[in-house]
Amino acid sequence: MKKYLMSPLFTPIFVTILWLLGMTIVLLFFPELKFQITEDGELIEHLTHAGYVLMLLAFVFYYKDFSGKRLDYVIFILLGACAFLREMGIQHHLSATDTTPFKSRFFLNPANPLSEKIIFGAVLLAVFAAIAYLAVKYTKYLIISFFKMNTLTWSTATLCTMLVLSKFFDRFPGNYRHSHEEPLSRQMIESFSLLEESAEVFLPYIVIIMLWQYHQMKKAQ
């Protein structure tokens with residue numbers, strides 16, 4: 001069993017099958033629930049929050065595997081915590097004058113206080129700097145190791161793919177309305193909402209799989 005879990009194809013195949021199976025069950029047998037389960041306080045949100053809690057606990061459990069990469073470890077946890085807080089909607093409660101302080105319109109709006117712009121701008125710069133650090137350090141390795149069928153690299157590719165898909169599904173209805181000057185049907189909007197939320201729910205669980213795979217690789221060294 002361990003051999004299959006450590007296969008480079010395990011994470012992409014497992015996630016794809018589970019995602020398509022879930023979508024098929026909901027859309028074919030429970031289409032009336034596709035919007036309800038994506039609302040705040042419903043099933044998918046609970047699964048996503050539970051996933052982030054388990055992910056952060058997994059980082060604590062496997063901390064010894066990062067003995068030579070303490071900075072990377074701290075960045076991973078901080079980015080994971082930021083993703084968790086964003087998923088909980090904290091960005092909508094930070095600014096006293098706007099809906100969220102992490103969009104360009106917030107910084108361009110003269111009605112928003114300069115102090116808030118400085119604080120939240122610094123937060124964004126710190127997050128972007130952390131991502132840039134990881135990108136510079138690991139991009140070349142990830143590209144090379146991807147073609148060498150490295151297990152952790154293929155799991156990372158799966159994580160990034162699900163993240164990109166979730167953002168695409170999130171923004172497609174709005175972009176469609178902007179470009180065609182008319183909204184999608186309610187049924188289509190509900191379907192895209194389901195696709196977005198169901199893609200996002202996998203993100204913390206993929207990270208947990210990656211941490212376990214990395215632990216097994218360290219043990220084998």
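Colleague: Which word fits L203, buried or exposed, and how do you know?

Modeller: L203 has a relative accessible area of 10%. Buried means under 20% relative accessible area, exposed means over 50%, and partly exposed lies in between (1.4 Å probe, protein chains only). The value of 10% is under 20%, so L203 counts as buried.

Colleague: What should I know about the model itself?

Modeller: This is a predicted model, in which local features need pLDDT of at least 70 and side-chain atom pairs count only at pLDDT 80 or more, while totals for chains, interfaces and linings use all residues. Residues are numbered from 1 along each chain as its sequence is written, and side-chain values use heavy atoms, with hydrogens and water left out.

Colleague: What makes a stretch a helix, and where is L203?

Modeller: Helices are DSSP runs of H or I with at least four residues, strands are runs of E with at least two, and both are numbered from the N terminus. L203 sits in helix 9, residues 202-220. The protein has nine helices and zero strands. Its pattern along the sequence is therefore written α-α-α-α-α-α-α-α-α.

Colleague: How much of the protein counts as buried?

Modeller: Of its 221 residues, 37% do. The C-alpha trace spans about 55 × 50 × 30 Å along the principal axes.

Colleague: What makes D72 and K137 a salt bridge?

Modeller: A salt bridge needs a side-chain nitrogen of Lys or Arg within 4 Å of a carboxyl oxygen of Asp or Glu. The closest N and O atoms of D72 and K137 are 2.9 Å apart. That is within 4 Å, so the pair qualifies. D72 lies in helix 4 and K137 in helix 6, so the bridge ties together parts that are 65 residues apart in sequence. Side chains of opposite charge can pair when their charged atoms come close.

Colleague: Why do D72 and K137 get their labels, buried or partly exposed?

Modeller: D72 has 1% relative accessibility, so it counts as buried. K137 has a relative accessible area of 39%, so it is partly exposed.

Colleague: How many salt bridges are there?

Modeller: The structure holds two. E190 also forms one with R186, and the closest N and O atoms are 2.9 Å apart. Both residues lie in helix 8, residues 186-200. They are four residues apart, about one turn of the helix. E190 is at 14%, so it counts as buried. R186 has 59%, which is over 50%, so R186 is exposed.

Colleague: What makes the pair S155 and T11 a polar contact?

Modeller: A polar contact is a pair of N or O atoms within 3.5 Å; within protein, one must be able to donate a hydrogen and the other to accept it, and residues adjacent in sequence count only if both atoms are side-chain atoms. The side chains of S155 and T11 make their contact at 2.8 Å. That is within 3.5 Å, so the distance fits. S155 is found in helix 7, residues 151-180. At 1% relative accessibility, S155 counts as buried.

Colleague: Where does N112 lie, and what is 2.8 Å from its side chain?

Modeller: N112 is in the loop between helix 5 (104-108) and helix 6 (114-147). The backbone oxygen of F106 lies 2.8 Å from a polar atom of the N112 side chain. N112 has 3% relative accessibility, so it counts as buried.

Colleague: Which residues gather in the patch of positive charge?

Modeller: R86, K103, R105 and R171 gather there, on the surface. Patch residues have over 30% relative accessible area and no salt bridge; like charges are joined within 9 Å, and nonpolar side chains (Val, Leu, Ile, Met, Phe, Trp, Tyr) within 5 Å. R105, in helix 5, has 49% relative accessibility and counts as partly exposed. That is over 30%, so R105 passes the area cut-off.

Colleague: Which residues make the nonpolar surface patch?

Modeller: L85, M88, I90, L94, F102, I119 and V123 make it, with about 550 Å². I119 is found in helix 6.

Colleague: What is special about phi of M149?

Modeller: Phi of M149 is near 60°, a positive value in a residue other than glycine. Most residues other than glycine have a negative phi. M149 sits in the loop between helix 6 and helix 7. With a relative accessible area of 38%, M149 is partly exposed.

How values were computed:
Areas by Shrake-Rupley, 256 points an atom, 1.4 Å probe, with all protein chains shown as cover. Lys, Arg positive; Asp, Glu negative; His and termini not counted. Charge placed at Lys NZ, Arg CZ, Asp CG, Glu CD.
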